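The following exercises are to be worked through with the sequence and the structure in view. Each task is followed by a solution in steps.

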Amino acid sequence: MDCSFLRSHGAVRDTAPLIQCLTNKVVSNISANALLAIGASPAMVDTPGESRSFAQTASGVLINCGTPNNEQYIGMREAIAGATTAGNPWVLDPVGAGGLHERTEFMHEVLLQRPTAIRGNASEIIALAGTGVGGRGVESTDGVEAALEPALKLSRETGAIIGVSGPTDLIVQAGESPRAISLESGHPMLQKVIGTGCSLGAICTAYLAAWEDPFAAIIAAHAHVGVAGSVAAEKSTAPGSFAVAWLDALHELSPAAIEKRISASEIADLAGLA
């Protein structure tokens, strides 16, 4: 398929979007470094008193529900309100959706604020769509192919682009002309290093902030992260050195290099599902 969506790669470096990350404590450092590697600027601003005003000036906002506490829930609500008021894109990463009651309730609450994109694994997306119970903790127990119809349902109800990450990624947009892209780009080693999925949420936010077509931006973000994993796996088969090689690859990859390593195809016959 046409890979013009990769033009958004250069836009991230050209515009250096400021990305406000309200994310979990396990991956804060990793996500910040990943954003810097692709040319964006991270800001880990999540306190209730600062989140709303900062979201109004940031280029985009990430809401990651990995290790929430009561203060962070308030900060997330404030940041979403600020981003919405300013018309800035925001991304929901529904970590652990379905399996944990309090955070799942919070996610369903903020879905009403219409995120620009939602990025998660198959079990999280299925649970958020109300058609499944979630995975094992933060791990998916469902195949990506099972998430197609739930992702279309979730996109239709929220207006969001849905990114489902797994061995093959799935990017979905409902609407009058629903679209779904199957993307092969990654490597299994990405599952052996903490923070690669959560960093993908941050990188999706950066691409959305830099590019006018949100569907193309989410495809390109998944391609960038996945190909970086493939490149890193050629240099290292151990998790520690792989993590460093992955970060280096995020920084070094060009759009042409990414295009050579991906396989993207449009899924047909969505009318009956959407």
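A residue is called buried under 20% relative accessible area, exposed over 50%, and partly exposed in between. The model treated here is predicted.

**Exercise 1. Classify glutamate 157 by its accessibility and place it in the structure.**

Solution.
Step 1. Glutamate 157 belongs to helix α7, which covers residues 148–158.
Step 2. The relative accessible area of glutamate 157 is 44%, so this residue is partly exposed.
Step 3. Between glutamate 157 and alanine 174 the C-alpha to C-alpha distance is 8.8 Å, although 17 residues separate them in sequence.

**Exercise 2. Determine which residues of helix α7 are buried and what they pack against.**

Solution.
Step 1. The buried residues in α7 are Leu148, Pro150, Ala151, Leu152, Leu154, Ser155 and Thr158.
Step 2. Their packing partners include the helices α5 (101–111) and α6 (122–128). Strands are also packed against, namely β5 (117–121), β6 (161–165), β7 (169–173) and β8.
Step 3. After α7 comes glycine 159, which has a positive phi near 80°.

**Exercise 3. Describe the open sheet, its edge strands and the pairing of β7, β8 and β9.**

Solution.
Step 1. The sheet is open and consists of nine strands, ordered β2-β1-β3-β4-β5-β6-β7-β8-β9, with mixed pairing.
Step 2. At the edges stand β2 (41–43) and β9 (263–266), each of which pairs on one side only.
Step 3. On average, and with direction ignored, neighbouring strands of this sheet are turned by 20° against each other.
Step 4. Strands of a sheet pair through backbone hydrogen bonds, in either a parallel or an antiparallel manner.
Step 5. β7 and β8 run antiparallel and are joined by five bridges. Here leucine 170 is found opposite serine 182 of β8. The two strands β7 and β8 make a hairpin with five residues between them, and glycine 175 in the turn has a positive phi of about 120°.
Step 6. On to the next pair: β8 (residues 179–184) is antiparallel to β9, with four bridges. Leucine 183 has alanine 264 of β9 as its bridge partner, and glutamate 184 is opposite serine 263 of β9.
Step 7. A helix also lies across part of the sheet: α3 (residues 48–57) crosses β1 (18–22), β2 and β3 (60–64), and runs at about 150° to β1.

**Exercise 4. Establish how α2 and α8 are oriented towards each other, and whether serine 199 is buried or exposed.**

Solution.
Step 1. Helix α2 (residues 28–38) and helix α8 (residues 196–210) have axes that come within 9 Å and cross at roughly 40°.
Step 2. With that angle, α2 is therefore oblique to α8.
Step 3. The crossing of α2 past α8 is right-handed.
Step 4. On the α2 side the meeting residues are Ile30, Ser31, Ala34, Leu35 and Ile38. On the α8 side they are Cys198, Ser199, Ala202, Ile203, Ala206 and Tyr207.
Step 5. Serine 199, in helix α8, has a relative accessibility of 0% and so counts as buried.
Step 6. Apart from residues up to four places away in sequence, serine 199 touches Ile30, Ser31, Ala34 and Trp246.

**Exercise 5. Determine the relative orientation of α1 and α8, and describe the surroundings of histidine 9.**

Solution.
Step 1. The axes of α1 and α8 are 8 Å apart, and the helices pack at an angle of about 85°.
Step 2. Angles of 65 to 115 degrees count as roughly perpendicular, and therefore α1 and α8 are roughly perpendicular to each other.
Step 3. Ser8, His9, Ala11, Val12 and Thr15 of α1 make the contact with Ala206, Tyr207 and Ala210 of α8.
Step 4. Histidine 9, located in helix α1 (residues 7–15), has a relative accessible area of 5% and is therefore buried.
Step 5. With its neighbours within four places in sequence left aside, histidine 9 contacts Tyr207, His224, Leu253, Ser254, Pro255 and Ile258.

**Exercise 6. State the confidence of the model and identify where pLDDT stays under 50.**

Solution.
Step 1. The average pLDDT of the protein is 92, and 94% of the residues score at least 70.
Step 2. Over residues 134–138 pLDDT stays under 50. For this stretch the model has 13 contacts beyond four places in sequence.
Step 3. Where pLDDT is low, predicted coordinates should not be read in detail.

Methods:
Residues numbered from 1 in each chain as written. Predicted model: local features only at pLDDT ≥ 70, side-chain atom pairs only at ≥ 80, totals over all residues. Heavy atoms only, no water. Buried < 20%, exposed > 50% of the residue type's maximum accessible area, 1.4 Å probe, protein only. Contact = heavy atoms within 4.5 Å. Pairing = 2+ DSSP bridges. Axes fitted to C-alpha atoms, helices over the stretch in contact; angles between N-to-C directions. pLDDT = per-residue confidence, 0-100. Parallel < 35°, antiparallel > 145°, perpendicular 65-115°, else oblique. Left-handed = near helix turned anticlockwise from the far one by under 90°.
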